[in-house]
Amino acid sequence: MEAFHLLSRGGVQFDKHKYNKDVQLFNSTRGSDKGKSADRSAVGQLPAELDFFKYAAAPESTSTKRKASEAGDAGRTEKKKKQRQGEDRDVDEDEDAESAPEDPSSSTSPPMPRHKVTTKGSNVPPHAETFEALRERYSIPSHIMSNLKEYGYTVPTGIQSYGAPILLESRDMAAISPTGTGKTLSYLLPVMTALGVPASSAKSGAGAGVRAVVLAPTRELAHQIHNECLKLAQGRKWRIVLFSKATAATLADKSVRDKVDIIISTPLRLVAALNSGHVELHNVRHLILDEADRMLDSEFLSQVREVVDACTHDNLQKAVFSATLPAGAEKIAMDMLRDPIRVVVGLKDTPLPLIAQSLTYVADDPSKLPTLLTYLSQPYNPPVLVFASSQPRATSLAEELVLHAVPNVDCLHAGMTKKEREDAVSRMRRGESWVMVSTEVMARGMDFKGVREVINYDFPQSVQSYIHRIGRTGRAGREGKAITYFTDEDAPYLKSIANVLLQSGSQVPEWILKLPKPSKLKRKQMGKVKRAEAVNPARRVGRSEAIKKRDMIAGSQRRKERVRMVPEVPQEEDRRSTGEEPVS
DNA sequence: AAAAAAC
């Protein structure tokens, strides 16, 4: 009823006064970006999703200034900087990060936080300080080099400068590098270099069948990797296939599938194609597991094993990547790899120090919604990513926010249709979502570089989940903010999360640190805590009704697009690297 | 160590 009124007057209203400050910020950053976007016009034709080279593009100054506008945050920003400097002194031995003084653009590039890099294994190849050094050593194809250059990609990140040589020397690798530090390029660049020329090329002696496979845990992430791969591939006729029902069907023709160079897929999708005989993997020479710990946990493991076993080529190179790799998963990974090199960038299982993390006590579940509404009624930095623990809770929360007239609310979980999911992602990419409510599906790998705040509405189920969730912000050298709500019921797990905050330089109230270590019994109880499906207990809705309301949320989004009161892209970094007009 | 995601 209430929702109907909202929708009938044209969707959620935009409160200019409330968000005035943000609008001004958007405007001012746009202007300052003029010169830069001009020289990137050549890539303007690319869809917004093809947003690969963002790591090169973020001027740090804007994020710092932006934060400074919030008095409360200013002090913390300063503190963060000091901490970062302190960390450099302590652990930095990675000197390549600033080693391109001859490059004029390096002064505007954000200094990627410098991390200690440790390697373990036999005959570790030396790291490469620049992409040019990589090219000289391993003859990176010229079209790849020019793609890097064209997008202003100048200095490799830690994992790129250490990891790429290892892969280029055909070694197996387990790579652990924090969220938002460019892991994807660190494997795509070597794999595409090793493939040499596309299989469709006449002079290719590639043999028949796909030669590289990348596995990722969610459709959205596979899609994102595919887009990044397409960018590197520009200028050559690579056949890079994002696996879906539709593309799998097109591969029924053997002459088509024999010319495919790279497949990017979720595990089950690929296993299904394997079983139906629509794909063979005996020619695969490079197998990459992204988000490796997720891929190796119990639900995915057997599927991943099937794929690995189907890759029977003698020279199969395997590599696994993640920001987190718990001991159990690492053991499984190491057993899969032969003579592996293990690379750790930064401190294992520690988020980036430039994410300002905090914990907020909310007593019980019903108190969360008012807390969030209050938070969103004050100026905040959109877009905000809000994590809920289940699909119904995500739906219900998004619906509550819409009913309370929060502007530009969006929802994304795996219970939605493929198209709904794709639409939600592209609204997010275009900066049209201000508050994105989601489940774990968005927790890993997704690179919305504009995300400035993460709110854990529901407490994360594990330290790994926490690290990946908050890693959706603070990407590629930018600052970010992460707030985690906790209730009395979450107490057993609170301390382990608090330790993560401490390790990465955020403050934790004294009393939380004094909590006893959770006992095994308590942990078991944790699992038994069942949260209500509806976020607002006063408004319980049935499943079918929830879906209807979700559609209404989507409807209100469409309406708003017409009204166009929202800045198309919330900040200059997005504007620069997404190009001008996204091709839907 | 548990929910979500994978078709």
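## DNA contacts, a pocket and a buried strand

An N or O atom in the side chain of Thr439 lies 2.6 Å from a phosphate oxygen of DNA strand B. This model is predicted: local features need pLDDT of at least 70, side-chain atom pairs count only at pLDDT 80 or more, and totals for chains, interfaces and linings use all residues. Residues are numbered from 1 along each chain as its sequence is written, chains are lettered from A and ligands numbered from 1 in the order in which they are written, and side-chain values use heavy atoms, with hydrogens and water left out.

**The surface near DNA strand B**

Thr439 is one of several residues with phosphate contacts. A polar contact here is a pair of N or O atoms within 3.5 Å; within protein, one must be able to donate a hydrogen and the other to accept it, and residues adjacent in sequence count only if both atoms are side-chain atoms. Ser389 reaches a phosphate oxygen of DNA strand B with a polar backbone atom, at 2.9 Å. Arg219 also uses a backbone N or O atom, 2.9 Å from a phosphate oxygen of this strand.

In total, 25 residues surround DNA strand B, and Arg294, Glu299, Ser390, Gln391 and Thr439 come nearest. A residue is near a molecule or strand if one of its heavy atoms lies within 4 Å of it. Seen from the DNA, 61% of the strand B atoms within 4 Å of the protein belong to sugar or phosphate, and the rest to bases.

Which helices each supply at least two residues of this surface? They are α13 (267-275), α15 (298-310) and α23 (520-528). Helix α15 gives the most, with 3 residues. Helices (H or I, at least four residues) and strands (E, at least two) are DSSP runs, numbered from the N terminus. By class, the surface has 6 nonpolar, 12 polar and 7 charged residues. Ala, Val, Leu, Ile, Met, Phe, Trp, Tyr, Cys and Pro count as nonpolar; Asp, Glu, Lys and Arg count as charged; the others, Gly among them, count as polar.

**The second largest pocket**

Arg294, already named among the residues nearest DNA strand B, also helps line a pocket. The second largest pocket has a volume of about 480 Å³. It is lined by 24 residues, and Arg294, Asp297, Phe300, Glu440 and Arg444 are the closest to its centre.

The search runs on a 1 Å grid over the protein atoms alone: a cavity is a set of points where a 1.4 Å probe fits but cannot get out, a pocket is an open set with protein on both sides within 12 Å along at least five of seven lines, and lining residues have an atom within 4 Å of a point. Grid points are joined across faces, edges and corners, and a volume is the space filled by probe spheres set on the points.

Helices α14 (292-295), α16 (327-336) and α20 (463-470) each supply at least two lining residues. Of the lining, α16 gives the most, with 3 residues. The lining has 9 nonpolar, 10 polar and 5 charged residues.

**Strand β10**

Strand β10 spans residues 384-387. Val384 and Val386 point one way, Leu385 and Phe387 the other way, and all are buried. In a regular strand the side chains alternate between the two faces of the sheet.

Strand β10 runs parallel to β12 (435-438), joined by 4 bridges. Val386 has Val437 as its bridge partner in β12. Another 4 bridges join β10 to β13 (453-456), again in parallel. Here Leu385 has Val454 as its bridge partner. Two strands pair if DSSP finds at least two bridges between them.

Pro383 lies in the loop between α17 (365-377) and β10. A cis peptide bond joins Pro382 and Pro383, with omega about 0 degrees.

**Positive phi and exposure**

Asn123 is not a glycine, yet its phi is positive, at about 45 degrees. Asn123 sits in the loop between β1 (117-120) and α6 (131-138). Ala476, also not a glycine, has a positive phi of about 50 degrees. Ala476 is in the loop between α20 and β14 (480-487).

Two helix residues join the table below: Glu150 from α7 (142-150) and Ala310 from α15. Buried means under 20% relative accessible area, exposed over 50%, and partly exposed in between (1.4 Å probe, protein chains only).

| Residue | Relative accessible area and class |
|---|---|
| Asn123 | 69%, exposed |
| Glu150 | 37%, partly exposed |
| Ala310 | 22%, partly exposed |
| Ala476 | 1%, buried |
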